[in-house]
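Hi everyone, thanks for coming along. I'd like to take a few minutes on one protein chain and how its strands are put together. Here it is on the screen.

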Amino acid sequence: MPLARTFVQSLLLLSVAIPASSAARSTGDPEAPRVGGIDISTPVGKVWRLRGVGDLDGDETDDIVWQHQNGQVHYWPMLNGQRVDGIDISTPVGQGWILRGVGDVDGDETDDIVWQYKSGQVHYWPMRDGQRLDGIDIFTPVGKDWALRGVGDVDGDGTADIVWQHKTGQVHYWPMQDGKRVDGINIFTPVGPEWRLRGVGDVDGDATDDIVWQHQNGQVHYWPMLNGQRVDGINISTPVGKDWTLRGVGDVDGDGTDDIVWQHQNGQVHYWPMEFGQRSI
Ligand SMILES: [Ca+2]
Ligand SMILES: [Ca+2]
Ligand SMILES: [Ca+2]
Ligand SMILES: [Ca+2]
């Protein structure tokens with residue numbers, strides 16, 4: 001896979017940590033009991049993996065997207081933050097494909113399922129009414145040193161963008177239009193390797209998706225985004241232990257602000273309703 005020179009030429013090596021004053025509050029102490037948040041009924045076993053959160057059926061509430069270890073993709077239509085059904089999606093892909101994210105990359109107002117083949121070719125399924133309509137390749141001029149981390153509208157133009165991270169840490173996105181990549185743009189990345197990019201979604205409700213991080217100590221943090229660039233870095237109160245994993249960001253309760261979706265090591269799915277970038281419960 002050829003490496004795009006434009007990416008490399010513009011790459012900046014950045015490893016400046018977020019100042020301790022902004023990173024140390026309310027850390028995810030592994031001994032701390034979970035506080036607040038809402039459980040979602042989780043009638044699935046460990047053979048299913050929670051892969052993403054997005055509105056596959058176009059009813060304006062984001063759905064929870066799963067994949068079985070045999071490959072089968074499945075989703076839970078959500079209503080008011082609870083699961084109302086469980087529906088299989090036709091899954092004509094082989095073992096080398098990884099479901100990387102969910103977002104409306106073609107701008108038709110239904111979220112699409114984004115795949116990548118073994119750290120190479122990116123591909124998406126346009127979705128309608130919760131079913132797959134097609135399978136379309138997206139031009140992928142990146143090498144294996146880039147990881148596809150999330151899908152969301154970081155530039156606020158109404159179409160979801162594809163968010164990458166280089167092994168050096170640099171965050172980068174592809175603005176998308178009609179399911180096609182139209183550019184490749186670096187995002188200023190003042191965080192070190194102790195932070196992990198966990199998801200993309202509009203947690204502050206300003207209609208631009210934000211980038212959600214988690215520190216190795218558990219602390220959740222987000223970058224409010226504007227026109228594809230980071231405008232701040234804000235901690236979110238994180239009273240959960242290491243037995244919870246941040247799995248996705250999406251509006252599962254349908255109030256117009258994306259929520260943070262977790263899964264416990266025992267399987268239980270849970271979410272934090274968000275309001276203005278902070279937990280409301
Ligand atoms: Ca939905
Ligand atoms: Ca779409
Ligand atoms: Ca966009
Ligand atoms: Ca936002």
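I'll begin with the chain as a whole and then turn to two of its sheets.

First, please keep in mind that this is a predicted model. How confident is the predictor? The mean pLDDT of the protein chain is 90, and 89% of its residues reach 70 or more. There is a stretch to treat with care, though: over residues 1-30 the pLDDT stays under 50. The model does have 55 contacts beyond four places in sequence for those residues. Still, where pLDDT is low, the predicted coordinates should not be read in detail.

Now the overall make-up. The protein chain has 30 strands and 2 helices. It has 281 residues, of which 40% count as buried. If you take the contacts in the chain with a separation of 6 or more, 46% of them are between residues 24 or more positions apart.

On to the sheets. Here is one from earlier in the numbering: an open sheet of 4 strands, in the order S2-S3-S4-S7, with antiparallel pairing. Which strands stand at its edges, and why is one side of each left without a neighbour? Those are strand S2, residues 48-54, and strand S7, residues 87-89; each has a single partner strand, so one side of each has no neighbour in the sheet. On average, neighbouring strands here are turned by 30 degrees against each other, ignoring direction.

Inside that sheet, strand S3, residues 63-68, pairs with strand S4, residues 73-76, in the antiparallel sense over 4 bridges. If you want to find the register on your own screen, look for Gln-67: its bridge partner in S4 is Val-73.

The other sheet I'd like to show you is also open, with 4 strands in the order S20-S21-S22-S25 and antiparallel pairing. Its edge strands are S20 and strand S25, residues 234-236, each pairing on one side only. Neighbouring strands of this sheet are turned by 30 degrees against each other on average, again with direction ignored.

Let's stay with S20 for a moment. Is this edge strand mostly covered or mostly open? S20 spans residues 195-201 and is mostly covered, with 6 of its 7 residues buried. Its antiparallel partner is strand S21, residues 210-215, and 6 bridges join the two. Two pairs let you trace the register: Gly-199 has Val-212 as its bridge partner in S21, while Gly-201 stands opposite Asp-210.

That's my tour; I'm happy to take questions.

Methods. Residues are numbered from 1 along each chain as its sequence is written. Chains are lettered from A and ligands numbered from 1 in the order in which they are written. This is a predicted model: local features need pLDDT of at least 70, side-chain atom pairs count only at pLDDT 80 or more; totals for chains, interfaces and linings use all residues. A residue is buried if 20 or more other C-beta atoms lie within 10 Å of its own, exposed if 12 or fewer, and partly exposed in between; C-beta atoms are placed from the backbone. Two strands pair if DSSP finds at least two bridges between them. Axes are lines fitted to C-alpha atoms, for helices over the stretch in contact, and angles run from 0 to 180 degrees between N-to-C directions. pLDDT is the predictor's confidence in each residue, from 0 to 100. Two residues are in contact if their C-beta atoms, placed from the backbone, lie within 7 Å.
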